[in-house]
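Here's a quick tour of a protein chain, written for someone who would rather look at it than read a table of atoms. Have a look at the sequence and the fold, then read on.

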Amino acid sequence: MTSIINVNLPQQSYEIAIAPASLDQLGQSMANLHLGQKVLLVSNPSIFKHYGQRAIASLTSAGFDVASYCLPAGERYKTLNSIQKLYDVALENRLERSSTMVALGGGVIGDMTGFAAATWLRGINVVQVPTTLLAMVDSAIGGKTGVNHPNGKNLIGAFHQPSLVLIDPEVLKTLPMREFRAGMAEVIKYGVIWDAELFAQMEASKHLNQLRYMQPELLNEILTRSCQAKADVVGKDEKEGGLRAILNYGHTIGHAIESLTGYRLVNHGEAVAIGMVAAGQIAVNLGMWQQAETDRQNAIIQKAGLPTQLPAGVDIAAIIDALQLDKKVKAGKVRFVLPTQIGVVTVTDQVPADIIQQALQGMQSITQLQ
């Protein structure tokens with residue numbers, strides 16, 4: 001099953017190629033784009049151990065001059081300090097404006113490699129080769145790159161579109177179960193904000209929490225429909241002037257929770273899942289959405305093995321304060337993406353603090369309330 005999805009943009013359109021064993025075709029796929037000879041492959045040690053040599057072999061056989069560098073794994077390393085290391089390696093290997101950085105890894109590696117490529121020599125090529133479900137369906141597509149500030153997620157960054165996104169579903173076989181579930185949070189997001197049919201397919205599926213229980217046909221649908229949804233939205237609004245903001249569904253409160261827990265307690269997908277539960281309840285409290293619909297959403301989140309309650313010890317007042325540091329704040333008002341029906345959402349800054357607090361209080365675990 002091979003899918004080619006086009007991301008159509010005024011300045012730089014590109015393809016998302018989804019195909020089993022496509023990692024071995026990386027070099028030829030890049031050669032077809034007539035990119036420069038020098039390549040810097042960026043990964044982390046665990047991903048590189050599984051797939052680094054295969055990627056390098058494919059690039060070398062296609063005539064590329066390849067250097068590689070591994071950054072430590074984990075969101076807490078998504079910093080300017082890590083970017084400095086990539087700059088040092090780029091300088092050492094004399095990367096030129098025609099050169100390419102290849103991100104082989106999950107969302108953290110993709111974001112950092114993209115940002116380094118966006119800012120080295122004022123912008124060189126980047127190719128995204130995502131190895132996690134979350135990166136495949138979301139972060140590798142659309143050109144958002146960046147790193148975290150100690151006080152907020154992704155506050156430092158740039159838009160820098162890739163030349164190619166190459167997705168090999170077979171690499172998901174080595175993905176830890178928790179990371180697979182994290183990726184499902186973004187898939188559920190697309191069902192709520194854009195694709196009611198995808199939502200219905202997930203609702204009808206018996207298992208969503210483990211790859212080994214998922215039918216190959218459903219996995220292909222998840223990858224293809226999610227990538228198409230992201231491509232559709234980005235094609236209409238590349239730099240988040242309007243419509244693209246809907247891709248932040250669940251992320252407003254999710255990012256606050258990630259930041260408050262030091263990027264150690266919950267991963268990105270888990271935080272987004274919690275954020276979607278909160279956003280759904282806020283929409284119900286505002287009379288925008290039916291309780292039955294948010295219950296359907298939350299049932300899928302639970303089926304995917306994702307949390308629906310706040311982490312123990314996270315203070316609600318601290319979450320509300322942290323929302324003011326969100327990138328989407330405009331004129332001091334926090335903007336929320338809220339659902340109005342399955343497949344349709346709206347963006348609003350008219351959400352009173354007491355409504356947010358009420359929704360979050362209903363998500364406190366029993367241990368928190370004792």
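What share of the contacts in the protein chain with a separation of 6 or more comes from residues 24 or more positions apart? The figure is 76%, where contact means heavy atoms within 4.5 Å.

A word on ground rules. This is a predicted model, so local features need pLDDT of at least 70 and side-chain atom pairs count only at pLDDT 80 or more, while totals for chains, interfaces and linings use all residues. Residues are numbered from 1 along each chain as its sequence is written, and side-chain values use heavy atoms, with hydrogens and water left out.

**The whole chain**

The protein chain has 14 helices and eleven strands; these are DSSP runs numbered from the N terminus, with helices being H or I over at least four residues and strands E over at least two. Its radius of gyration is 20 Å, close to the 21 Å from the globule rule for 370 residues, so the chain is as compact as a globular protein of that length. That radius is taken over C-alpha atoms, and the globule rule is 2.2 Å times the number of residues to the power 0.38. Along the principal axes, the C-alpha atoms fill a box of roughly 60 × 40 × 40 Å. Of the 370 residues, 57% are buried. Buried means under 20% relative accessible area, exposed means over 50%, and partly exposed is in between (1.4 Å probe, protein chains only).

**Two helices side by side**

Two packed helices are described by the angle between their axes and the distance between the axes. Helix H10 (residues 268–285) and helix H11 (residues 291–303) pack at about 175 degrees, with axes 9 Å apart. That makes H10 roughly antiparallel to H11. The axes are lines fitted to C-alpha atoms, for helices over the stretch in contact, and angles run from 0 to 180 degrees between N-to-C directions. Angles under 35 degrees count as roughly parallel, over 145 as roughly antiparallel, 65 to 115 as roughly perpendicular and the rest as oblique.

On the H10 side, the contact is made by Ala 273, Met 276, Val 277, Gly 280, Gln 281 and Val 284. They meet Gln 291, Thr 294, Gln 297, Asn 298 and Ile 301 in H11. By class, the contact of H10 with H11 has five nonpolar, six polar and no charged residues. Here Ala, Val, Leu, Ile, Met, Phe, Trp, Tyr, Cys and Pro count as nonpolar, Asp, Glu, Lys and Arg as charged, and the others, Gly among them, as polar.

**A mostly covered helix**

How many of the ten residues of helix H9 (residues 251–260) are buried? Eight are, so you can call H9 mostly covered by the definition of buried. Among them are His 251, His 255 and Glu 258. The buried residues of H9 pack against several elements, including H10, strand S8 (152–159) and helix H6 (177–193). Just after H9 comes Gly 262, with a positive phi near 65 degrees.

**Individual residues**

Asp 111 sits in helix H4 (residues 107–119) and is buried, at 10% relative accessibility. Apart from neighbours within four places in sequence, Asp 111 is in contact with Lys 78, Ser 139, Lys 144, Thr 145, Gly 146 and Asn 154.

Two arginines have positive phi without being glycine: Arg 94 at about 55 degrees and Arg 122 near 60 degrees. Arg 94 is in the loop between helix H3 (80–92) and strand S5 (100–105), while Arg 122 is in the loop between H4 and strand S6 (125–130).

Here is how some single residues come out on accessibility.

| Residue | Relative accessibility | Class |
|---|---|---|
| Arg 94 | 55% | exposed |
| Arg 122 | 76% | exposed |
| Ile 4 | 46% | partly exposed |
| Gly 305 | 39% | partly exposed |
| Cys 70 | 30% | partly exposed |
| Cys 227 | 0% | buried |

As for cysteines, the count comes to zero disulfides, a disulfide being a pair of cysteine sulfur atoms within 2.5 Å.

Ile 4 belongs to strand S1 (residues 3–7). Not counting residues up to four places away in sequence, Ile 4 touches Glu 15, Ile 16 and Ala 17. Gly 305 is in the loop between H11 and H12, and with the same exclusion it touches Arg 181 and Asn 209.
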